[in-house]
Amino acid sequence: MSSKDAKVRKVHVELGARSYDVLIGRGLLADIGQEMRKRGLQGPVAIVTDTLVGSYNIDQAVKKGLASVETFLTDRSEIDSQDWLVPAGESSKRLSQVEELLSRLVKRKIPRSGTIIALGGGVIGDLAGFAAAIYQRGINFVQVPTTLLAMVDSSVGGKTGVNLPDRKNMVGAFHQPKLVVADLATLDTLPPREFAAGMAEVIKYGAIADKALFERVAEGVKPQDKGLAEIIEKCVAIKARIVENDEFETKGERALLNFGHTIGHAIEGVTGYTTYLHGEAISLGMRAAAWLSVWEAGLPEAEARKIEATLVANHLPVTLKSEVDEVAILSALGNDKKVAADGQNRWVLLKSLGKASGRWEIPPIAVKRALAVLR
Ligand SMILES: NC(=O)c1ccc[n+]([C@@H]2O[C@H](COP(=O)([O-])OP(=O)(O)OC[C@H]3O[C@@H](n4cnc5c(N)ncnc54)[C@H](O)[C@@H]3O)[C@@H](O)[C@H]2O)c1
Ligand SMILES: [Zn+2]
């Protein structure tokens, strides 16, 4: 019996010539070759993954799925993922790693008609996606997200890129994948802390755009929950609609995805990206933003409390560790402002659960008060 559930969920991202499908379900990697062939994708294939994901042999499932289809079988060595392993962790998202990947693509004679598969979390998706964006001015790529965060967020929308030594995501390109395959079986090995971090983004989608989704996750979600595929599908659909309306982030709509991220990014920055996972910092940022929303945008207090309870139920932090310096966070928010062309922070606040709006500038005293909530 195949381990595949009968149900394959599909979210279409409509971007004209750059449109693609996001497939969601358990056991989907078994059919990845067929799904790629259906979309005209060809070998040779480079499966870029990280050392940790590689150690779970998830690449074997991808290879098996590819091997069932002739197009990818021209030379078995072409799909040897050992060639494309990068060290696990955010520090691989750097230009020298891109250069390394590009030279391996040249060495292995991957033609412009070939395909890069990004197999891993957001780090691999951003890194391999960026290499795909610039290798021979752009080569096809497929996202195979293996973290919850990558499934609901980073694998969809076409943002690719790497960090500079002191600035996250400073270098990059928009390069949409040709296909995204989110196989829930890959989550079986994901550490609980990483799963919880992904839930922060799920909660974010509910808070900004879908009250019913929010209610659904309010009691906490577990990796084994039967409803997980549908929850992921709803998140991807929300992101897809936003990206369709604002592919290149020029209209402000895509910025709504930054709910909880203004303070979250500042917390990540002052703690050197080591104390908190991204989703954990966003959890703290959402709690603060929820109270800012009460004071500045009319969010009912009961809904802010519901957000707090939902974060806790999903094993996310809601108080800052004592060693984290509040003054440093405020000053990081100030630096952020200097980067913005008009010297103002853009905040995303909630009018009610499921309804977000962008807002320029918030009185500093309110921001201070919101940070105090995190103590
Ligand atoms: N492009 C976008 O739109 C976008 C959106 C959000 C985040 N991001 C980026 O995504 C990155 C964060 O992504 P992430 O949280 O997926 O981090 P990650 O890619 O570092 O993965 C987290 C950890 O889990 C491990 N892992 C991945 N899949 C696993 C599995 N199935 N089993 C066991 N271990 C597994 C990885 O090796 C890593 O150690 C950041 O760099 C962030 O900037 C990009
Ligand atoms: Zn995020």
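Okay, let's start with a puzzle: does E201 count as buried or exposed? Keep that in your head for a minute. Just so everyone knows, what we have here is a predicted model.

Right, the answer. E201 has a relative accessibility of 0%, so it counts as buried, since the cut-off for that is under 20%. And E201 has a job in this picture: along with H261 and H278, it is one of the protein donors of the zinc ion, ligand 2. E201 uses OE, the two histidines use NE2, and the donors lie 2.0 to 2.1 Å from the zinc. H261 is buried too, with a relative accessible area of 4%.

Now look at how the donors are laid out along the chain. The spacing reads E-x59-H-x16-H. E201 lies in helix α7, residues 192–209, and H261 in helix α10, residues 261–270, so this pair ties together parts that are 60 residues apart in sequence.

Okay, on to ligand 1. There are 26 residues around it, and D50, E90, T146, T147 and T189 come nearest. By type, that shell splits into nine nonpolar, eight polar and nine charged residues.

Let's zoom in on some oxygen atoms of ligand 1. One is 2.8 Å from a polar backbone atom of G122. V123 also brings its backbone, with an N or O atom 3.1 Å from a ligand oxygen. K168 uses its side chain instead, putting a polar atom 3.0 Å from an oxygen of the ligand.

And how much of ligand 1 gets covered? On its own it exposes 860 Å², and the protein buries 89% of that. The elements giving two or more residues to the shell are α2, α5, α6 and β8.

Definitions and conventions. Residues numbered from 1 in each chain as written. Chains lettered and ligands numbered in written order. Predicted model: local features only at pLDDT ≥ 70, side-chain atom pairs only at ≥ 80, totals over all residues. Heavy atoms only, no water. Near = heavy atom within 4 Å. Polar contact = N/O pair within 3.5 Å; in protein donor to acceptor, adjacent residues only side chain to side chain. Areas by Shrake-Rupley, 256 points an atom, 1.4 Å probe, with all protein chains shown as cover. Helix = DSSP H or I, 4+ residues; strand = E, 2+ residues; numbered from the N terminus. Nonpolar A, V, L, I, M, F, W, Y, C, P; charged D, E, K, R; others polar. Donors = N, O, S within 2.8 Å, 3.2 Å for Na, K, Ca; no water. Buried < 20%, exposed > 50% of the residue type's maximum accessible area, 1.4 Å probe, protein only.
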